[in-house]
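Student: Got a minute to go through this one with me? I'd like to start at the metal and work outwards.

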Amino acid sequence: MKGVTLPTETVFVMENSPIKFGLGAMDEIGFDASRLGIRKALIFTDRHVSELGLPERVRALLEEQGVKADVWDGVEVEPTDRSMEEAGEYARSKDFDGLIAVGGGSTIDTCKAANLLTCYPAPLLDYINKPVGKGVPVPGPVRPLIAVPTTAGTGSETTAVAVTHIVDQNVKAGVSHRLLRPALGVVDPLNTLTVPPEVTAAAGADILTHAIESYTTRPYNARAKHHPPDRPAYIGANPASDIWCEKAIEYVGRYLRRAVLNGLDLEARLNLALAANYAGVGFGNAGVHIPHALGYPIAGLVRDYVPSGYRTNHALVPHGVSVVVTAPATFRFTYATSPERHLRAAELMGVPTRGLSEREAREALPGALMALMRDVGIPNGLTALGYAERDIPALVEGTLKQPRLLSGSPRSVGAAEIAAILHDSLRCW
Ligand SMILES: NC(=O)c1ccc[n+]([C@@H]2O[C@H](COP(=O)([O-])OP(=O)(O)OC[C@H]3O[C@@H](n4cnc5c(N)ncnc54)[C@H](O)[C@@H]3O)[C@@H](O)[C@H]2O)c1
Ligand SMILES: [Zn+2]
């Protein structure tokens, strides 16, 4: 209606999982599982983490407190809808009253999905966000899930989302609902000491993009007012999420190079574990935007890129790589919407920002990102992942299937702008 201004939002929400953090935090897992009323647990993990012995250790700790537990090591790294359905089938065949995820984001997300598919059986696609899936809301409470991250990256131990690769549509998408949040996150930095450098770098890049996207996303009070039941999980940048994001950016800037260089650098591992969780709290409420929307087709349409350090023979683009390769171009594009936030993010990454010319100021954050990416061995743009100019239309089409994420962009973005950002990301430097 002409002349009528819709009211803007005045309320923001901060929701997150309770967190137990610290060296040795996992040793207390028997106590925590009992406290949450778990008597028979299913422990989910992937084969490589299983070989490290961590899930077996969790099983022994649970048994000491009288909690029975089975270990299932069938999680697929970068899970698909099929692998999540299989996890759900496995869980439905067992008798259990709580779940424990011991692994990276792939394991935690698979566990969230299996929990949902056990409590409310339906095809996973029903719950996947529109327009990829039907967007059916989670019908009610699920069983308690304790998430024990073994990477410092996704922050999935505190978020309301589970991400998957929809095989038939060649695209990544998520189930997102507050009831999916783990009942507890147990973040023990000691669990991350064995993470290979390539995984450390990709997961660290994920932390950084979560934090900077949430810091620069369209603020909550520049969005339309919601009725309480319709308020989405991602509400926009707000004074509380800013605090979590700022610390996460600072810690990644200070510690990621060190952890990639020396995996046994405990101070670096501890601060990255904190950063991952902080960014999870920040983006789990504010929400991510363009790089994550672009990251989904970049991962989904992969042809032949096989990353080192992931012990896989099949093509995959690690999530953190898929999102960070377009981050420099994105933040060049969004700079004008909040120069002070873009400069502050660069400053938190350790780049001096006083007395810069207009052009230098615009390049400060992309420059800081590229320097870090180069130092930790992130591939140089889409070309290094096997994409060329001719792939841009398909990548644009896949990105347009992420309206939930694109709506968080601080600047209006359509096919032409997405194509330009992709073009600018063919090579980052
Ligand atoms: N739910 C969320 O909020 C959220 C947020 C971001 C990303 N994600 C999803 O999470 C997944 C990525 O998770 P990730 O980056 O944590 O990695 P991951 O779980 O995919 O694991 C990556 C690799 O590291 C290995 N690994 C894990 N822990 C290890 C350890 N301690 N020592 C040695 N090797 C170890 C794994 O076996 C695997 O080979 C993607 O599917 C992504 O889409 C979810
Ligand atoms: Zn991410």
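**Metal site, rings and a helix**

Tutor: Sure. The zinc ion (ligand 2) has four protein donors: D206 (OD), H210 (NE2), H292 (NE2) and H319 (NE2), at 2.1 to 2.2 Å from the ion. Keep in mind that this is a predicted model.

Student: What geometry does the site of the zinc ion (ligand 2) have?

Tutor: Irregular. The angles among the four donor atoms run from 86 to 165°. Four donors count as tetrahedral if all angles lie between 85 and 135 degrees. The range here goes up to 165°, so the tetrahedral label does not apply.

Student: And what are the ideal angles for four tetrahedral donors?

Tutor: 109.5 degrees.

Student: How are the donors of the zinc ion (ligand 2) spaced along the chain?

Tutor: The spacing is D-x3-H-x81-H-x26-H.

Student: Why are D206 and H210 about one helical turn apart?

Tutor: Both are in helix α7 (residues 197-216), and they are four residues apart there. That separates them by about one helical turn.

Student: Are those two buried or exposed?

Tutor: D206 is buried, at a relative accessible area of 2%. H210 is buried too, at 3%.

Student: Switching to aromatics. How many aromatic pairs are there in the whole structure?

Tutor: Eight, from a search of the whole structure. One of them is F44 with W72, a tilted pair. The centres are 4.9 Å apart and the planes make 55°.

Student: Where do F44 and W72 sit in the chain?

Tutor: F44 is in strand β2 (residues 40-46) and W72 is in strand β3 (residues 68-75). They are 28 residues apart, so this pair links distant parts of the chain. Both residues are buried.

Student: What about W72 and Y90, stacked or edge-to-face?

Tutor: Stacked, because the planes of W72 and Y90 are at 15°. The ring centres are 5.1 Å apart. Y90 belongs to helix α4 (residues 81-92), so the pair ties strand β3 to parts 18 residues away in sequence.

Student: How accessible are W72 and Y90?

Tutor: W72 has 15% relative accessibility and counts as buried. Y90 has 18% and is buried as well. The cut-off for buried is under 20%.

Student: Which residues form an aromatic cluster?

Tutor: W244, Y251, Y255 and Y278 form one.

Student: And which charged side chains lie over rings?

Tutor: R143 has its charged end over the ring of F96, 4.5 Å from the centre. R341 lies over the face of Y215, 4.7 Å from the ring centre.

Student: New topic: helix α16. Which of its residues are buried?

Tutor: Helix α16 covers residues 392-399, and its buried residues are I392, L395, V396, G398 and T399. They span an arc of only 160° around the axis, so they are on the same side of α16.

Student: What is on the other side of α16?

Tutor: P393 and E397, both exposed.

Student: What do the buried residues of α16 pack against?

Tutor: Four elements: β7 (171-176), α10 (290-300), α17 (403-406) and α18 (415-424).

Student: Last one. Where is S241, and what does S241 touch?

Tutor: S241 lies in helix α8 (residues 239-261). Leaving out residues up to four places away in sequence, S241 touches M14, G236, G282 and A286. S241 counts as buried, at 0% relative accessibility.

Note on methods:
Residues are numbered from 1 along each chain as its sequence is written. Chains are lettered from A and ligands numbered from 1 in the order in which they are written. This is a predicted model: local features need pLDDT of at least 70, side-chain atom pairs count only at pLDDT 80 or more; totals for chains, interfaces and linings use all residues. Side-chain values use heavy atoms; hydrogens and water are left out. Buried means under 20% relative accessible area, exposed over 50%, partly exposed in between (1.4 Å probe, protein chains only). Helices (H or I, at least four residues) and strands (E, at least two) are DSSP runs, numbered from the N terminus. The arc is that of the directions from the helix axis to the C-beta atoms. Contact means heavy atoms within 4.5 Å. Donors are N, O and S atoms within 2.8 Å of the metal (3.2 Å for Na, K and Ca); water is not among the atoms, so sites may look incomplete. Four donors count as tetrahedral if all angles lie between 85 and 135 degrees; four count as square planar and six as octahedral if opposite donors are over 155 degrees apart and all others between 65 and 115; anything else is irregular. Rings of Phe, Tyr and Trp (its six-membered ring) pair if their centres lie within 6.5 Å; planes under 30 degrees apart count as stacked, over 60 as edge-to-face and the rest as tilted. A charge sits over a ring if NZ of Lys or CZ of Arg is within 6 Å of the ring centre and within 35 degrees of the ring normal.
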